[in-house]
Amino acid sequence: MLNFEFTEEQEQFRKILRDFAKEELLPHYTKWDREGITPRHLWKKLGDLGVTGLRIPEQYGGVGADCLTTGIAAEEIGRGDFNLTYSVMLNALIGEILTQHASEEMKNEWLPQIASGEKIVGIAITEPAAGTDAGGITSTARREDNEYVLNGEKSGISVATCGDAFIVFAKTNPSLGNKGISAFLVPSTVNGFEAKGYEDMGNIPIGRGSIYMHELRIPAANLIGQENQGFSQVMNGFDLSRLLIGLQCVGAAMQSIDETIEHVKIRQSFGRPLATYQAVSFPIVTHHTQLELIKWQAYRGLWLRDQGRKHSKEASSVKWLGPKYSVEAIHECLLLNGHYAYTKEMPLEQRLRDVIGLEIGDGTAQANQMVIAKEIIGREFRTHQTQTV
Ligand SMILES: Cc1cc2nc3c(=O)[nH]c(=O)nc-3n(C[C@H](O)[C@H](O)[C@H](O)COP(=O)(O)OP(=O)(O)OC[C@H]3O[C@@H](n4cnc5c(N)ncnc54)[C@H](O)[C@@H]3O)c2cc1C
């Protein structure tokens, strides 16, 4: 039987978050961008609502929600403040990795603080010479007695300037390629850690930047999971973050469409509301339709994940087209609102800048198309047999 209905509890959760996003997030969305601030108090507030701990089990202070419910949060928070959706997506990814692979001690120390929104933890894979080809990283971690010593540079990392810790990927056995990568929990307070922020086009409150590790020493217990298993541990997590990213972009774009529909019903030209001209209504219809398609593909992917079934192809399709269709929709909305929307008085220009970032972050269009090609055409037809995506 096919059932597209959310449960009553999920619908209630959606309503709570939609009201919260409208009343408490949307009015200040542009403020954090203008002031260049990470609103940590709102991460904490989202923690009180359970949003930051959705994929963290109850025994570690989280909500233990399913992936579908997590998707609802990504979509609804995206309507209010796109940058705060990182508290859903990043925390779901980090929450799953730590829950599945970290030691009991690490889980007890970090998960409750992540779930409450008190601590922000990022993920550091990308390097100046290794983005799409993530297996090509050159950061190293060498074991010395009861410690690991990390060296290298990470680039493009979300929450670099405000994160309390990072899951850092480094090579423990460089001769094994992507099978020689391990993951470590690195607090940003340790000696040898340095972060520098970027002057980004958007996503300003996320504090993206580079992380430098110079003879950075952490206890051996900070290894997450098995040595040399880091890559396979995180790749599965990306199937979740990619579905959530699609929904957070759709949330921001649908909010833009709602605002634009209100505008074109009121604004007149040549004595009639703009909405009566099909050259105005049809583009809105086109974008709305495209976004609905992405939305249901995303929820289908999340449902498959909840059932423990394969969903990499679905996740990549959503990550590829979700941000793209959302950017196109927001751009059109900006134009339909006329010159005023080109000012910083309205949130549309910021939404456009913010959402473009996630056309790149977490895998570009091409990276995601490679995943789909591998599945529908075959592994043996990949360009590079050592390819990592
Ligand atoms: C907003 C944002 C947030 C981010 N957050 C994080 C984070 O928290 N942690 C983290 O580790 N990284 C993060 N990143 C980095 C991101 O994951 C990388 O930028 C991304 O994987 C692409 O890598 P790159 O920028 O090095 O581009 P490259 O890999 O150099 O690619 C450049 C271009 O070439 C294309 N290309 C590359 N290889 C191929 C190929 N084989 N075939 C066809 N086309 C190809 C790409 O699609 C792209 O268009 C973030 C980036 C952004 C923009």
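**Exercise 1. Work out whether the length of helix α5 in this predicted model agrees or disagrees with its number of residues.**

Solution. Helices here are DSSP runs of H or I with at least four residues, strands are runs of E with at least two, and both are numbered from the N terminus. Helix α5 covers residues 86-101, which is 16 residues. The expected span is 1.5 Å times one less than the number of residues, and for α5 this gives 22 Å. The end C-alpha atoms of α5 are 21 Å apart, which agrees with that expectation.

The model is predicted, so local features need pLDDT of at least 70 and side-chain atom pairs count only at pLDDT 80 or more, while totals for chains, interfaces and linings use all residues. Residues are numbered from 1 along each chain as its sequence is written, and side-chain values use heavy atoms, with hydrogens and water left out.

**Exercise 2. Determine how many residues of α5 are buried, and then whether Lys-107 is buried or exposed.**

Solution. Buried means under 20% relative accessible area, exposed means over 50%, and partly exposed lies in between, with a 1.4 Å probe and protein chains only. In α5, 13 of the 16 residues are buried, so this helix is largely enclosed by the rest of the structure. Lys-107 belongs to helix α6, residues 104-115, and because its relative accessibility is 11%, Lys-107 counts as buried. Contact means heavy atoms within 4.5 Å; leaving aside residues up to four places away in sequence, Lys-107 touches Tyr-60, Leu-98, Thr-99, Ala-102 and Pro-112.

**Exercise 3. Describe where Thr-126 lies and what it touches.**

Solution. Thr-126 sits in the loop between β1 (121-124) and β2 (140-144). With a relative accessible area of 32%, Thr-126 is partly exposed. When residues up to four places away in sequence are not counted, its contacts are Gly-131, Glu-153, Lys-154, Ser-155 and Ile-157. The C-alpha atoms of Thr-126 and Asp-362 are separated by 9.7 Å, although these residues are 236 residues apart along the chain.

**Exercise 4. Assess whether the chain is as compact as a globular protein of its length.**

Solution. The secondary structure comes to eleven helices and ten strands. The radius of gyration, taken over C-alpha atoms, is compared with the globule rule of 2.2 Å times the number of residues to the power 0.38. For 389 residues the rule gives 21 Å, and the chain has a radius of gyration of 21 Å, so it is as compact as a globular protein of that length. Of the 389 residues, 54% count as buried, and residues 24 or more positions apart account for 74% of the contacts with a separation of 6 or more.
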